[in-house]
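Here's a quick tour for anyone meeting this protein for the first time. Have a look at the sequence and the fold, then read on for the main points.

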Amino acid sequence: MKYLVTYWSQTGNTKKVAEAVFEELPGEKTLKPIDDVENLEGFDLTFIGFPVMQFGLPPEVKKFAAAHAEGKKIAVFITHAMLTNSDDQQQQVMLAKELEMCMAAFSKSHVVDIFHCQGELSEKMANELIASNIPMLAAFAAMRPLTIGHPNQNELSIARKFAKSVIASLPARQT
Ligand SMILES: Cc1cc2nc3c(=O)[nH]c(=O)nc-3n(C[C@H](O)[C@H](O)[C@H](O)COP(=O)(O)O)c2cc1C
């Protein structure tokens, strides 16, 4: 079984999750930023990770998925600023919509499982969002204090469990 873990990460949060996932995989495995991946040929399963950007997936990842993910076995991991366990119903609905938007890019793939967690919105990025003058994005900047330190050790440990459970779910001869 050949595994690929690939990711797009602007400030390192998704990369941390990618590394945690990668460490749990058995056998032949490759870890690469998405920009360094030509295609998914030859891999039995690809873990693909990215942050939510402007309520959906980064254009680079969308393009990659459209070009290479059709018919492929994929496990997805996503980081985002939104709280995963917010009491705020509106936030929960918004996060669900964002994840749905992201997953639409993989509608032609065989998606085995999805993991998502919070990722710190860096100070630099928060300032850029404020400067964008797009009210919804500026609102994310205000969320920065709630994102600091994520993904934390607990979230990385859940990411590891996700990787193990994806592997365990594969037919025995494929692991
Ligand atoms: C330009 C920009 C747009 C973002 N848009 C969203 C968003 O729509 N929803 C959200 O939950 N987080 C949003 N975020 C927060 C990132 O998804 C989060 O900080 C993520 O962990 C960054 O991952 P990375 O360090 O791998 O790049 C945005 C961040 C930036 C910089």
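Among contacts between residues at least 6 apart in sequence, what share join residues at least 24 apart? In this protein it's 81%. Keep in mind that you're looking at a predicted model. Below, the bullets go from the whole chain down to single residues.

**The whole protein**

- You'll find 7 helices and 5 strands in the protein.
- Read from the N terminus, the elements go β-α-β-β-α-β-α-β-α-α-α-α.
- The radius of gyration is 16 Å, close to the 16 Å that the globule rule gives for 175 residues, so the protein is as compact as a globular protein of that length.
- Laid along its principal axes, the C-alpha trace spans about 50 × 30 × 30 Å.

**Inside and outside**

- Of the 175 residues, 45% are buried.
- The exposed area of the protein comes to about 9,200 Å², and carbon and sulfur atoms supply 52% of that.
- As for charges, there are 17 positive and 20 negative ones, and their mean positions sit 4 Å apart.

**Helix 2: two faces**

- Which residues of helix 2 are buried? They're Val61, Phe64 and Ala65.
- Around the axis of helix 2, these buried residues cover an arc of only 100 degrees, which puts them on the same side of the helix.
- Turn to the face away from that buried side and you meet the exposed residues Pro59, Lys62, Lys63, Ala66 and Ala67.
- Strand 3 is part of what covers the buried residues of helix 2.

**Helix 4: another helix with a buried side**

- Helix 4 takes in residues 123-131, and its buried residues include Met125, Ala126 and Leu129.
- Looking down the axis of helix 4, you'd see its buried residues fall within an arc of 105 degrees, so they line one face of the helix.
- The face turned away from the buried side of helix 4 carries Glu123, Lys124 and Ala131, which are exposed.
- What do the buried residues of helix 4 pack against? Their partners are helix 5 (135-142) and helix 6 (144-147).
- After helix 4 comes Asn133, with a positive phi near 65 degrees.

**Met125, up close**

- Met125 sits in helix 4, and its relative accessibility is 15%.
- Since buried means under 20% relative accessible area, Met125 counts as buried.
- Leaving out residues up to four places away in sequence, Met125 touches Gln10 and Thr11.
- Met125 and Ala139 are 14 residues apart along the chain, and their C-alpha atoms are separated by 12 Å.

**His80 and its neighbours**

- His80 belongs to strand 4, which covers residues 73-80.
- Is His80 buried or exposed? With a relative accessible area of 4%, His80 is buried.
- Setting aside residues up to four places away in sequence, His80 touches Val52, Leu95, Leu99, His116, Cys117, Gln118 and Gly119.

**Backbone oddities**

- Some background first: most residues other than glycine have a negative phi, and most peptide bonds are trans.
- Gln54 is not a glycine, yet its phi is positive, about 50 degrees.
- You'll find Gln54 in the loop between strand 3 (45-51) and helix 2 (59-68).
- Gln54 counts as exposed, at 57% relative accessibility.
- Phe55 lies in the loop between strand 3 and helix 2, and Phe55 has a positive phi as well, near 75 degrees.
- Phe55 is partly exposed, with a relative accessible area of 24%.
- Which two residues does a cis peptide bond join? They're His150 and Pro151, and omega there is about 0 degrees.
- Pro151 is in the loop between helix 6 and helix 7 (153-169).

Technical notes: Residues are numbered from 1 along each chain as its sequence is written. This is a predicted model: local features need pLDDT of at least 70, side-chain atom pairs count only at pLDDT 80 or more; totals for chains, interfaces and linings use all residues. Side-chain values use heavy atoms; hydrogens and water are left out. Helices (H or I, at least four residues) and strands (E, at least two) are DSSP runs, numbered from the N terminus. The radius of gyration is taken over C-alpha atoms; the globule rule is 2.2 Å times the number of residues to the power 0.38. Buried means under 20% relative accessible area, exposed over 50%, partly exposed in between (1.4 Å probe, protein chains only). Contact means heavy atoms within 4.5 Å. Accessible areas come from the Shrake-Rupley method with a 1.4 Å probe; for residues, only the protein chains shown count as cover. Lys and Arg count as positive and Asp and Glu as negative; His and the chain ends are not counted. The place of a charge is taken as NZ of Lys, CZ of Arg, CG of Asp or CD of Glu. The arc is that of the directions from the helix axis to the C-beta atoms.
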